[in-house]
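Visitor: I am new here. Please show me the chain, then take me through it.

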Amino acid sequence: MGVYLRDIPLDEAKQRFEAALAEARLNGVLGVEHIPLDEHALGRVLAEPIWARISSPHYHASAMDGFAVRAADTEGASPTAPRTLLLGDHVAWVDTGDPLPDWADAVIAIENTEPLDAQGNPAPDPRRPHAIRIRAAARPWQAVRPMGEDIVATELVLPAGHTLRPADLGAIAACGHSTVPVARKPRVAILPTGSELVPIGHAPKRGDIIEFNSVVLAAQVKQWGGEPTRFPITPDDLEQITARVREAARDHDLVLLNAGSSAGSEDYSARVVQQLGDLLVHGIAVRPGHPVILGMLHVHGRHVPIIGVPGYPVSAALTGEIFVQPLLARWLGTSAPEPPTLKAHLTRKLASPAGDDDYVRVTLGKVGERWVAAPLSRGAGVITSLVRADGILIVPRGLQGYEADAEVNVQLYTPLAALERTIVAIGSHDVLLDLLAQHLARRNRRLSSANVGSIGGLVALKQRHAHLAGCHLLDPESGEYNVAYVRRYLPDTEVALVTLAHREQGLIVARGNPKGIHGLTDLLRSGVRFVNRQRGSGTRILLDYALQQHNLDSAQIAGYDREEYTHLAVAAAVASGRADCGLGIPAAAQALGLDFVPLFQERYDLVIPRAFAESALLAPLFDVLHDAAFRAQAAALPGYDVRAMGTVQLLHP
């Protein structure tokens, strides 16, 4: 037997679950509630159709302030032959919404009349004149809302399964209802398990994990129309987990058992489901999210579906999207919304396991006339990939991925209008880009950045995958930054080389520098563990150049081949004790409370094709670079000189 009881295709897993729901008669609306018709009904789903009890309006109503008349009495009136009508039996004042007198068939707006007193002078109270003079004939039923103009009694106003919007509430009230029949909200119990978990707000010790999956799952349930209940953390104990599941199943419609669905020594979810009901599925060919459990509990005389949700946050969220959302929609009598999609070109090659449906989160942007999709980090525990994702790409079973620049179909998370305002930056990482993103957001722009190194950024520009690239590449021959590389990779493109800052590079070391690391020669000492940046990054090229200048052999550096993709990742490796030092910027060291040994000064530029530099999309970026507040914040970071910020050098083909 493998790690899972059986790793089955997603379609087969869904079929088993749906068959069990049908057998338990849990494949439709769970119940009907009649709730008051007020603002709290917003967002609820109609369990029954709404038929009009009365017409709206339910009488002939005046559509404006004026005088009710018989249209026939106004015939012949013209600017040169006005008619005067006495107020009385067949002329009467009406306000907007007033019932029309039985004898009237038209309303003349007050601004189209001349109210007169008994002597033919303008009446002191235009609403109560002796007579009115008109200079145009009235058409039958002009300025009148006839009975049933909006809604006719007995007609269908809204169908069952409709999610109520603000205007719907008004329509229901207008047609004579005071309560609304809605589908009962499914009650969902969320049970986090794990002895390593600590609640939000508790300071985690080494080995502790802050429990936040239940918050994400509860928010998903609430967004999808359910009523979530978050239970306290249950430690890894079979009896305690079993008791908690039994308790939750008493008065909930669905149980989400989070973590413990794998096959480790303390993964009890499958055993709990087997003890309390039927284990339908254990292991699905989906990435991320293999160890999903689907089951049906039989407790307290009830059938209650249970889903074992993997503990990794990306897997947990994906399980919610695949299984929980459509189930709640069915119980509410509606269907899960179809997300909008668009076709985009991948910024890099994407490899996928052939046997799984692979769900890949991506960022999106429109570069020129093409949409581009940059795959995010795919670790099942990388919660930031959920935060940054603009959409999701599904690589179906049987495919081993896509080549770079392949056109793929992406389901959108971010509204299209927001994506149209996105500036795509691919290249070298710098913390100023994060600061830049904040200031751009205030100017109605989004900055989507991918950290692939300086050379990777230039390649992305060449392939039309980005609007700009962060770059700090030292040319060993000339000692100049970026120009030679731009000419090499973008020989046919007119480019604006925009200085973001001059910055320090040096060695990030543990607080107090316990290993006494003061220069590059110390990297060759026994017992010093180094962490490097990836090939093609400006920092890696700078290091290699400096090692060559000092005749130092990189093969003698322990950890030279160990790579990270950002300065903060290098700092995190040092802070965690996985490395003793790494080359990076002082702001990254300061962020994690580490020390810094300065070694170099370099220039960090934004490489922008001139066509994009002069576009309306990027205009706010140049505003930010000359904004005093932004420059002050950047200058306050350690190791930055912003005096040349915003300087532009045009490079011609």
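Visitor: What is the relative accessible area of R578?

Guide: Three classes apply: buried is under 20% relative accessible area, exposed is over 50%, and partly exposed lies in between (1.4 Å probe, protein chains only). R578 falls in the partly exposed class, because its relative accessible area is 38%.

Visitor: What kind of model is this?

Guide: Residues are numbered from 1 along each chain as its sequence is written, and side-chain values use heavy atoms, with hydrogens and water left out. Local features need pLDDT of at least 70, side-chain atom pairs count only at pLDDT 80 or more, and totals for chains, interfaces and linings use all residues; the model is predicted.

Visitor: Which residue forms a salt bridge with R578?

Guide: A salt bridge puts a side-chain nitrogen of Lys or Arg within 4 Å of a carboxyl oxygen of Asp or Glu. For R578, the closest N and O atoms of the pair are 3.7 Å apart. The pair links distant parts of the chain, 14 residues apart: R578 is in the loop between α13 (567-575) and β35 (581-584), its partner in strand β34. That partner is E564.

Visitor: Is E564 buried or exposed?

Guide: The relative accessibility of E564 is 17%. The cut-off for the class is under 20%, so E564 counts as buried.

Visitor: How many residues apart in sequence are the parts that R535 and E563 tie together?

Guide: The side chains of R535 and E563 meet in a salt bridge of 2.6 Å, N to O. R535 lies in the loop between β33 (530-533) and α12 (538-549), and E563 in strand β34 (residues 563-564), so the parts tied together are 28 residues apart. Helices here (H or I, at least four residues) and strands (E, at least two) are DSSP runs, numbered from the N terminus. The separation, again, is 28 residues.

Visitor: Which buried residue forms a salt bridge with R525?

Guide: R525 is partly exposed, with 32% relative accessible area. The closest N and O atoms of the pair are 3.3 Å apart. The partner counts as buried, because its relative accessibility is 14%: D522.

Visitor: Why do the buried residues of α2 line one face of the helix?

Guide: In helix α2 (residues 166-174), D168, L169 and I172 are buried. Seen down the axis, the directions to their C-beta atoms decide the matter, and they line one face because they fall within an arc of 105°.

Visitor: What do the buried residues of α2 pack against?

Guide: P166 and A167, on the other side of α2, are exposed. The buried residues make the packing, where contact means heavy atoms within 4.5 Å. Their partners are β2 (50-51), β11 (156-158) and β12 (179-183).

Visitor: What is the radius of gyration of the chain?

Guide: The chain has 17 helices and 38 strands. The globule rule (2.2 Å times the number of residues to the power 0.38) is set against a radius taken over C-alpha atoms. For 653 residues the rule gives 26 Å, and the chain is well over that, so it is more spread out than a compact globule: its radius is 35 Å.

Visitor: What percentage of the residues of the chain count as buried?

Guide: The C-alpha atoms fill a box of roughly 110 × 70 × 45 Å, taken along the principal axes. Of the 653 residues, the buried share is 49%.
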